[in-house]
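User: Hi! I am new to reading protein structures. Could you walk me through a few features, one at a time?

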Amino acid sequence: MTSTFPDISISTERLVLRPYDETDIPAHTEMMNDELIVAWTTVPHPYTTAHSEEWVSRIAPAERTEGRGIVLAVTEFLTQRLVGTVHLRNTNWHTRATEAAYVTAPWARGEGYATESLLAVAQWLFRDRHFERLELRTAAGNTASQQVAQKIGCISEGVLRNAWIARSRTEDGGWTDIRTDLIVWSLLPEDLEGAADQHADAGYSGFTDWN
(Lines give C-alpha, C1' and ligand atoms only; values in the text may rest on other atoms or scores of the structure.)
Protein backbone atom coordinates (compact mmCIF):
# COMPACT_ATOMS: atom_id res chain seq x y z
CA MET A 1 0.00 0.00 0.00
CA THR A 2 1.29 3.46 -0.91
CA SER A 3 2.19 5.74 1.98
CA THR A 4 0.98 9.33 1.93
CA PHE A 5 1.56 12.53 3.85
CA PRO A 6 -1.39 13.79 5.93
CA ASP A 7 -3.51 16.71 4.76
CA ILE A 8 -1.94 19.35 7.00
CA SER A 9 -1.35 23.02 7.67
CA ILE A 10 1.85 24.30 9.29
CA SER A 11 2.01 27.65 11.09
CA THR A 12 5.11 29.72 11.78
CA GLU A 13 5.32 33.12 13.40
CA ARG A 14 4.71 34.91 10.09
CA LEU A 15 3.37 32.25 7.73
CA VAL A 16 0.73 29.60 7.20
CA LEU A 17 1.56 26.66 4.93
CA ARG A 18 -1.59 24.90 3.71
CA PRO A 19 -3.08 23.10 0.71
CA TYR A 20 -3.86 25.22 -2.34
CA ASP A 21 -7.46 26.26 -2.91
CA GLU A 22 -9.36 28.10 -5.63
CA THR A 23 -8.81 31.52 -4.06
CA ASP A 24 -5.07 31.15 -4.79
CA ILE A 25 -5.51 30.88 -8.57
CA PRO A 26 -5.02 34.57 -9.53
CA ALA A 27 -1.98 35.07 -7.28
CA HIS A 28 -0.48 31.73 -8.30
CA THR A 29 -0.85 32.59 -11.99
CA GLU A 30 0.88 35.94 -11.48
CA MET A 31 3.68 34.40 -9.42
CA MET A 32 4.47 31.66 -11.92
CA ASN A 33 4.93 34.20 -14.72
CA ASP A 34 7.76 35.89 -12.83
CA GLU A 35 10.98 35.92 -14.87
CA LEU A 36 13.14 34.20 -12.25
CA ILE A 37 10.61 31.40 -11.82
CA VAL A 38 10.39 30.95 -15.58
CA ALA A 39 14.20 30.90 -15.81
CA TRP A 40 14.89 28.30 -13.11
CA THR A 41 11.87 25.98 -13.27
CA THR A 42 10.11 23.92 -15.91
CA VAL A 43 6.73 25.68 -15.60
CA PRO A 44 4.84 26.38 -18.83
CA HIS A 45 5.31 29.90 -20.19
CA PRO A 46 3.19 31.88 -20.43
CA TYR A 47 1.50 30.42 -17.35
CA THR A 48 -2.24 30.81 -17.76
CA THR A 49 -5.26 30.70 -15.48
CA ALA A 50 -6.01 27.28 -16.95
CA HIS A 51 -2.59 26.05 -15.79
CA SER A 52 -3.32 27.33 -12.28
CA GLU A 53 -6.75 25.73 -12.22
CA GLU A 54 -5.23 22.37 -13.17
CA TRP A 55 -2.50 22.81 -10.55
CA VAL A 56 -4.98 23.59 -7.76
CA SER A 57 -7.67 21.05 -8.67
CA ARG A 58 -5.63 18.08 -9.92
CA ILE A 59 -1.82 18.22 -9.94
CA ALA A 60 -1.09 19.48 -6.42
CA PRO A 61 -3.65 17.24 -4.63
CA ALA A 62 -2.47 14.18 -6.60
CA GLU A 63 1.09 14.62 -5.32
CA ARG A 64 -0.21 13.81 -1.84
CA THR A 65 -2.96 11.29 -2.56
CA GLU A 66 -0.75 9.24 -4.89
CA GLY A 67 2.12 9.17 -2.40
CA ARG A 68 4.70 11.19 -4.34
CA GLY A 69 4.94 14.08 -1.85
CA ILE A 70 2.95 17.12 -0.78
CA VAL A 71 2.39 20.66 -2.11
CA LEU A 72 1.90 23.53 0.33
CA ALA A 73 0.86 27.07 -0.50
CA VAL A 74 2.87 29.51 1.63
CA THR A 75 0.79 32.48 2.80
CA GLU A 76 1.34 35.46 5.08
CA PHE A 77 -0.32 34.97 8.45
CA LEU A 78 -1.59 38.56 8.69
CA THR A 79 -2.68 39.24 5.09
CA GLN A 80 -3.27 35.67 3.83
CA ARG A 81 -1.46 36.74 0.66
CA LEU A 82 0.28 33.99 -1.33
CA VAL A 83 4.02 34.14 -0.65
CA GLY A 84 5.19 31.04 -2.53
CA THR A 85 5.16 27.26 -2.66
CA VAL A 86 7.01 24.43 -0.92
CA HIS A 87 6.78 21.14 -2.78
CA LEU A 88 8.03 17.80 -1.45
CA ARG A 89 8.42 15.35 -4.32
CA ASN A 90 10.09 12.10 -5.41
CA THR A 91 9.43 10.69 -1.94
CA ASN A 92 10.97 7.33 -1.08
CA TRP A 93 8.94 5.83 1.75
CA HIS A 94 11.34 2.96 2.30
CA THR A 95 14.39 5.16 2.90
CA ARG A 96 12.30 7.99 4.44
CA ALA A 97 13.78 10.53 2.03
CA THR A 98 12.23 13.24 -0.13
CA GLU A 99 13.23 16.20 -2.29
CA ALA A 100 12.14 19.80 -1.69
CA ALA A 101 11.46 22.44 -4.33
CA TYR A 102 10.33 25.98 -3.58
CA VAL A 103 9.45 29.25 -5.26
CA THR A 104 8.79 32.71 -3.82
CA ALA A 105 6.66 35.49 -5.28
CA PRO A 106 8.75 38.48 -6.42
CA TRP A 107 7.07 40.91 -4.00
CA ALA A 108 7.97 38.66 -1.03
CA ARG A 109 11.68 38.17 -1.73
CA GLY A 110 14.25 39.44 0.72
CA GLU A 111 12.04 38.83 3.76
CA GLY A 112 13.37 35.38 4.66
CA TYR A 113 10.06 33.73 3.79
CA ALA A 114 11.58 30.92 1.72
CA THR A 115 14.00 30.03 4.52
CA GLU A 116 11.28 30.20 7.18
CA SER A 117 8.83 28.04 5.26
CA LEU A 118 11.38 25.42 4.21
CA LEU A 119 12.77 25.22 7.75
CA ALA A 120 9.26 24.67 9.13
CA VAL A 121 8.61 21.88 6.62
CA ALA A 122 11.95 20.25 7.46
CA GLN A 123 11.18 20.35 11.19
CA TRP A 124 7.77 18.79 10.61
CA LEU A 125 9.23 16.20 8.25
CA PHE A 126 11.94 15.05 10.66
CA ARG A 127 10.20 15.39 14.00
CA ASP A 128 6.64 14.41 13.17
CA ARG A 129 7.02 12.14 10.13
CA HIS A 130 10.37 10.63 11.18
CA PHE A 131 12.09 11.19 7.84
CA GLU A 132 15.86 10.78 7.61
CA ARG A 133 16.85 12.87 4.58
CA LEU A 134 15.70 16.00 2.75
CA GLU A 135 17.36 16.69 -0.60
CA LEU A 136 17.49 19.91 -2.62
CA ARG A 137 18.80 20.47 -6.12
CA THR A 138 19.68 23.97 -7.27
CA ALA A 139 20.81 25.16 -10.68
CA ALA A 140 24.41 26.35 -10.66
CA GLY A 141 23.45 29.94 -11.40
CA ASN A 142 20.54 30.14 -8.97
CA THR A 143 22.39 31.74 -6.08
CA ALA A 144 19.24 32.82 -4.23
CA SER A 145 18.06 29.22 -3.98
CA GLN A 146 21.52 28.11 -2.88
CA GLN A 147 21.49 30.69 -0.08
CA VAL A 148 18.18 29.30 1.20
CA ALA A 149 19.69 25.80 1.28
CA GLN A 150 22.69 27.06 3.24
CA LYS A 151 20.57 29.03 5.72
CA ILE A 152 18.54 26.00 6.78
CA GLY A 153 21.73 24.02 7.34
CA CYS A 154 22.00 21.94 4.16
CA ILE A 155 25.31 20.36 3.19
CA SER A 156 26.48 20.53 -0.43
CA GLU A 157 27.15 16.99 -1.63
CA GLY A 158 28.37 17.57 -5.15
CA VAL A 159 27.48 18.56 -8.69
CA LEU A 160 25.39 16.79 -11.30
CA ARG A 161 27.09 18.01 -14.45
CA ASN A 162 24.97 19.29 -17.33
CA ALA A 163 21.89 17.80 -15.64
CA TRP A 164 19.32 20.58 -15.96
CA ILE A 165 17.76 22.74 -18.64
CA ALA A 166 17.17 26.32 -17.52
CA ARG A 167 15.85 29.20 -19.61
CA SER A 168 17.50 32.47 -20.56
CA ARG A 169 16.17 35.65 -22.15
CA THR A 170 17.03 36.26 -25.79
CA GLU A 171 17.71 39.62 -27.42
CA ASP A 172 14.25 39.69 -28.95
CA GLY A 173 12.59 39.22 -25.55
CA GLY A 174 11.86 35.52 -25.92
CA TRP A 175 13.32 32.54 -24.07
CA THR A 176 15.88 29.93 -25.00
CA ASP A 177 16.90 26.70 -23.25
CA ILE A 178 20.38 26.47 -21.73
CA ARG A 179 22.15 23.47 -20.19
CA THR A 180 23.44 23.88 -16.65
CA ASP A 181 24.79 21.90 -13.71
CA LEU A 182 22.77 21.03 -10.61
CA ILE A 183 24.19 21.33 -7.09
CA VAL A 184 22.90 18.59 -4.77
CA TRP A 185 22.23 19.52 -1.13
CA SER A 186 21.08 17.37 1.75
CA LEU A 187 19.64 17.99 5.19
CA LEU A 188 19.59 15.32 7.90
CA PRO A 189 17.86 15.54 11.29
CA GLU A 190 21.13 16.24 13.07
CA ASP A 191 21.87 19.17 10.71
CA LEU A 192 18.71 20.97 11.71
CA GLU A 193 19.33 22.12 15.28
CA GLY A 194 21.87 24.83 14.54
CA ALA A 195 19.75 26.34 11.79
CA ALA A 196 16.65 26.36 14.01
CA ASP A 197 18.53 28.08 16.83
CA GLN A 198 19.93 30.68 14.44
CA HIS A 199 16.48 31.63 13.17
CA ALA A 200 15.02 31.74 16.66
CA ASP A 201 17.74 34.29 17.52
CA ALA A 202 16.68 36.32 14.48
CA GLY A 203 13.23 36.79 15.97
CA TYR A 204 10.99 34.04 14.59
CA SER A 205 10.57 30.38 15.20
CA GLY A 206 10.65 27.61 12.62
CA PHE A 207 7.14 26.48 13.46
CA THR A 208 4.55 26.98 16.15
CA ASP A 209 2.08 24.21 15.38
CA TRP A 210 0.62 21.96 12.74
CA ASN A 211 -2.68 20.20 12.34
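User: How much space lies in the largest cavity?

Analyst: Happy to help! Keep in mind that this is a predicted model. Rolling a probe the size of a water molecule over the atoms shows where empty space is left. Here, the largest cavity holds about 40 Å³ of space, and a search of the whole structure turns up one cavity of 30 Å³ or more.

User: Which elements give two or more residues to the lining of the largest cavity?

Analyst: Those are β4 (82-92), β5 (97-104) and α4. The largest share, four residues, comes from β4. Among the lining residues are Val83, Tyr102 and Ser117. Sorted by class, the lining has seven nonpolar, four polar and no charged residues.

User: How far apart are the end C-alpha atoms of helix α4?

Analyst: A helix can be checked by its rise, 1.5 Å a residue. Helix α4 covers residues 113-128, so its 16 residues should span 22 Å, and the end C-alpha atoms are indeed 22 Å apart. Just after α4, histidine 130 takes a positive phi of about 60 degrees.

User: Is α4 largely enclosed or largely open?

Analyst: Count its buried residues: 14 of the 16 are buried, so α4 is largely enclosed by the rest of the structure.

User: Where is serine 156 found, and which residues does it touch?

Analyst: Serine 156 sits in strand β7 (residues 155-169). Leaving out residues up to four places away in sequence, serine 156 touches Ile183, Val184 and Trp185. With 44% relative accessibility, serine 156 counts as partly exposed. Its C-alpha is 9.6 Å from that of arginine 137, and the two are 19 residues apart in sequence.

Methods
Residues numbered from 1 in each chain as written. Predicted model: local features only at pLDDT ≥ 70, side-chain atom pairs only at ≥ 80, totals over all residues. Heavy atoms only, no water. Expected span 1.5 Å × (residues − 1). Buried < 20%, exposed > 50% of the residue type's maximum accessible area, 1.4 Å probe, protein only. Contact = heavy atoms within 4.5 Å. 1 Å grid on protein atoms, 1.4 Å probe; cavity = no way out; pocket = protein on both sides within 12 Å on 5 of 7 lines; lining within 4 Å. Points joined across faces, edges and corners; volume = space filled by probe spheres on them. Nonpolar A, V, L, I, M, F, W, Y, C, P; charged D, E, K, R; others polar.
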